[in-house]
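Q: Got a minute to walk through this one with me? I'd like to go from strands to the interface to salt bridges.

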Amino acid sequence: MLINRDVSKFVYILFIYLLLCNSVAQKIYVELNNTVPCVRLLNATHQIGCQSSISGDTGVIHVLESEADLEWPLSKGPNPPYMVLLESSLFTKSIMMKMKNASSRVAGVVVVPKTSPPEFSPHTTCPNENTGVYTETYDHNLAHCNTTVWNPRGNGLSYEEFDFPVFSLKEDNETEVIKQCYFDHNRVVNGSGLQYPLCAMQLFSHMHAVTDTATCMRRSSMDFSTSPVMVCDPLGGYNVCAFIRPYNSTAFGHKENESVVIAAARLDSKAFFLEDSTGAEGSVSGFVTLLAAAQALCEATQEAPRTRNILFAFFHGEVFDYIGSSRMVYDMKNNMFVIDLDNVHSILEIGQVKTCISINVWTYKCMDIRSNNNESVTNLVKNLQSSTAGLNFSFVETDFSQPLPPSSFQRFLRARAIPGIVLADHQTDFNNRYYESFYDNAAHLNLTYPSNLSPEEQLEFVTDTAKSLTEVATAVARTLFKQAGGNNSQVNKINADPKTVTQMLYGFLVRSNNSWFQVLGSSLRCVFCLSEPNPPQYYVGVAKSSHQANALTYLVQYLLANLTGTATNLTQSQCKKPDELPNESTYLYSYLWVQGMVPPNSTQRESFCVRTAVRLVKAVSPAFDLGDYVSKEYSTWTKSQWKFIKARIFLVASRDLEMLTLGVGVAVLFTSLLVTYFVSTKADVLFSSVREPNNAAY
Amino acid sequence: MNLERLPNEEKLTLCRKYYFGNVYNVCVWGFAFLPFLWLVNVVWFFKEAFVKPTYTEQLQIKTYVKCSGLGFLLWVAVLTTWITIFQHFRAEWGEVGDYLSFTIPLGIP
């Protein structure tokens, strides 16, 4: 009895000890949590991006100090493979290409973004060259950017294929830990060899898809086993659309005697590390201007209906071969949208608009670029020129020989010659030094706030950028008003609100979790419960099968709804089912439950129901509906799936020590087998003499 | 199962069963499993056929063992050739290669 209790106590104590003490793994590895990987994307012909091996790539850390220092990991270093740590100024095409060519000695690359380089654009020089309107058959001189190279600084790094993982780390404690580990163990002392153990890093980013979209879609759809493995997903999202005068959303096809002016802007952008995309000048400036113009116009058109309707369209996925706009044109051609191409009167698109010249009392020059259909375009331009009366800038037409820049308007032109214009701040090639890169952020757009302001005060502070974008928005709103047949006398009363513009710029580029976005947002869709204050992700993401859009789409939807819709008195349950009420109709409007403000004396938000004409329209490339995965007409971009992505650092021993340990272990194994064999054959000799004394005792 | 204890006739029956592939009186193994049965035949009955002193049924057992051995070697040659070709060229065959595969490895062509 005593023995049993002791044994059970011992087992109990051992169990507690094992639970409480740290596992060995925690003592070896330091996990890195704030990483952004480079992933693999595929289209009809290529795969781009990075791939690691299935059990991760391990390499000895080497902090690169200059381009000449690249010799150490590539040729001189005695302990390949190396994991190269770069700062952002060294993240250039030449260094990456050299490492790509020597990929047997490079296990991976880690980029630590610090100061912005003077210019950097990982996009191609001719964005969307094969899916615009300028193809070889249209005009050989204008195809493939033969006349104007739009992005001359583009180095095409985003479109290269690397067979080692490339990660990006935020500059914070983890980077310090890595650098400390490097300085402690890996520093070369007086040019002599390094002493083991060395500091190493392991990156896991194994991508499932290979070759091209057709292959990975074929492999995803084969299901021999009970749980088919999805290998890749098509890119896509939702376009945000709003008519000034809504139509019955279930009646598709041509609408008799209806003429619509489309005001378009682009929502998305990308960067080398997709989840880190910001796109301040590339896309935010454009769609914020259009949102402000929508607000200004809706206030003015409350009274009288116009002769023409206006459609505010925010297209998603434009960076990846015009996913959103090609989908809308396809829907219009196939009677799957409320209007069709015959109803479209003209198109006005806002491209990249940043302040062209910085402040002071100069005149700003913003260019616009013409297309076909001379008379309608002349009218449109005339309306545009006259709308800048009283504003601090003017519109300048570019030379007729210039082609259109990459824009959603080109997809409409590919289907039909519709008159239209594109507004942008560049005259020939892009002014944007950081086109589609991680550095196209708030600082690039000159959003500077005085240092002593709190976040709430920064939200309300009207920056100069906001002022100039407000002027552009006012001009656009007035032009649209006149295009839609509005009364000329009312025009000058239309003004965009600079406070709205600056709040939007703050929310989209500096901090999304601010009080204004929370007021206008939804309590149901928890995109506004953004735990990090960072801006939303501008990359279009994967088209999900459930009706879930990404945070950016919801933000734009709720903003547009609040800026152009009307607040109603409906309760929350009525807001979900408004058809039961006599004056409400879900055919024409959509009803959104908005969080609302917190009144000064209470803690509960006063939520309300907004009646709005804003709708989300699916934006997935028609190639996936048609099953044509090698399409040259539509976008075929897909993103690979993966199981997990992680990074960790640890100390690694020399190969000789590893082999020695293994050898000793194997030797111990064989010795023990041998000893056991001998003992078992001689068992009767060894043990019989011990047995007899026992027998004698009994 | 210890062959020592079986009478010779039963040994012959067993060897024949393994040669023709209808063990347990059920001919369901089919052609695909025959190589394994033949290997079993060769290994198990080798001593009986070639080492033990002669008895009446031994001649038939010897025939079965020899034929099993030959069949097994032939199968090994065919399978090795096919497996080598398939593993080497599966990536290049594209669609055909994928349709012939049961599980397709992830992340490599």
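A: Sure. One definition before we look at strands: two strands pair if DSSP finds at least two bridges between them. Also keep in mind that this is a predicted model.

Q: OK, so which way do β5 and β6 of chain A run, and how many bridges join them?
A: Strand β5 (residues 57–63) of chain A and β6(A) run parallel, and four bridges join them.

Q: Which residue stands opposite A:Val63 there?
A: That's A:Leu85 in β6(A).

Q: And is β6 of chain A mostly covered or mostly exposed?
A: Mostly covered: five of the six residues in β6 (residues 82–87) of chain A are buried.

Q: What about the open sheet in chain A, what's the strand order?
A: The order is β8-β4-β3-β23-β11, five strands with mixed pairing. At the edges sit β8 (161–162) and β11 (232–234) of chain A, each pairing on one side only.

Q: How does β11 of chain A run relative to β23?
A: β11(A) and β23 (residues 638–640) of chain A run antiparallel, joined by three bridges. A:Asp233 stands opposite A:Lys639 in β23(A).

Q: Switching to chain B. What's in it, helices or strands?
A: Four helices and zero strands, so to speak a plain α-α-α-α pattern along the sequence. Chain B has 109 residues, and 30% of them count as buried. For contacts in chain B with a separation of 6 or more, 44% come from residues 24 or more positions apart.

Q: Where does B:Asn41 sit?
A: B:Asn41 is in helix α2 (residues 30–51) of chain B.

Q: Why does B:Asn41 count as buried?
A: Because B:Asn41 has 0% relative accessibility, and the cut-off for buried is under 20%.

Q: What does that side chain have for polar company?
A: A polar atom of the B:Asn41 side chain lies 3.3 Å from the backbone oxygen of B:Cys15. Leaving out residues up to four places away in sequence, B:Asn41 touches several others, including B:Tyr18, B:Tyr19, B:Phe46 and B:Tyr64.

Q: And B:Met1, buried or exposed?
A: B:Met1 is exposed, with a relative accessible area of 71%. This residue is in the segment before α1 (8–20) of chain B. B:Met1 still touches B:Leu14 and B:Trp44, not counting residues up to four places away in sequence.

Q: Now the interface. What area do chain B and chain A bury between them?
A: About 1,000 Å², with 60% of it on carbon and sulfur atoms. On chain B's side, B:Asp98, B:Leu106 and B:Gly107 supply 50% of the area buried against chain A, more than any other three residues.

Q: How many residues does each chain put into the contact?
A: Chain B brings 13 residues and chain A brings 14.

Q: How many salt bridges and polar contacts cross the interface of chain B and chain A?
A: There are two salt bridges and six residue pairs in polar contact, both residues at pLDDT 80 or more. Helix α4 (residues 95–100) of chain B gives the most to the side that touches chain A, with three residues. By type, that side of chain B divides into seven nonpolar, three polar and three charged residues.

Q: Which residue forms a salt bridge with B:Asp98?
A: A:Arg219, with the closest N and O atoms 3.1 Å apart.

Q: How many salt bridges are there over all chains?
A: A search of the whole structure finds 21. One of them joins A:Lys98 and A:Glu67, with the closest N and O atoms 3.0 Å apart. That pair links distant parts of the chain: A:Lys98 is in helix α4 (residues 93–101) of chain A and A:Glu67 is in the loop between β5 and α3 (71–76) of chain A, 31 residues apart.

Q: Are A:Lys98 and A:Glu67 buried or exposed?
A: In between: A:Lys98 is partly exposed at 38% relative accessibility, and A:Glu67 is partly exposed at 32%.

Q: What does A:Lys93 meet in a salt bridge?
A: A:Glu160, at 3.5 Å, N to O. A:Lys93 lies in helix α4 of chain A and A:Glu160 in the loop between β7 (106–112) and β8 of chain A, so the pair ties together parts 67 residues apart in sequence. A:Glu160 counts as buried at 17%, whereas A:Lys93 is partly exposed at 27%.

How values were computed: Residues numbered from 1 in each chain as written. Chains lettered and ligands numbered in written order. Predicted model: local features only at pLDDT ≥ 70, side-chain atom pairs only at ≥ 80, totals over all residues. Heavy atoms only, no water. Helix = DSSP H or I, 4+ residues; strand = E, 2+ residues; numbered from the N terminus. Buried < 20%, exposed > 50% of the residue type's maximum accessible area, 1.4 Å probe, protein only. Polar contact = N/O pair within 3.5 Å; in protein donor to acceptor, adjacent residues only side chain to side chain. Contact = heavy atoms within 4.5 Å. Buried area = accessible area lost by both parts, 1.4 Å probe. Salt bridge = Lys/Arg side-chain N within 4 Å of Asp/Glu carboxyl O. Nonpolar A, V, L, I, M, F, W, Y, C, P; charged D, E, K, R; others polar.
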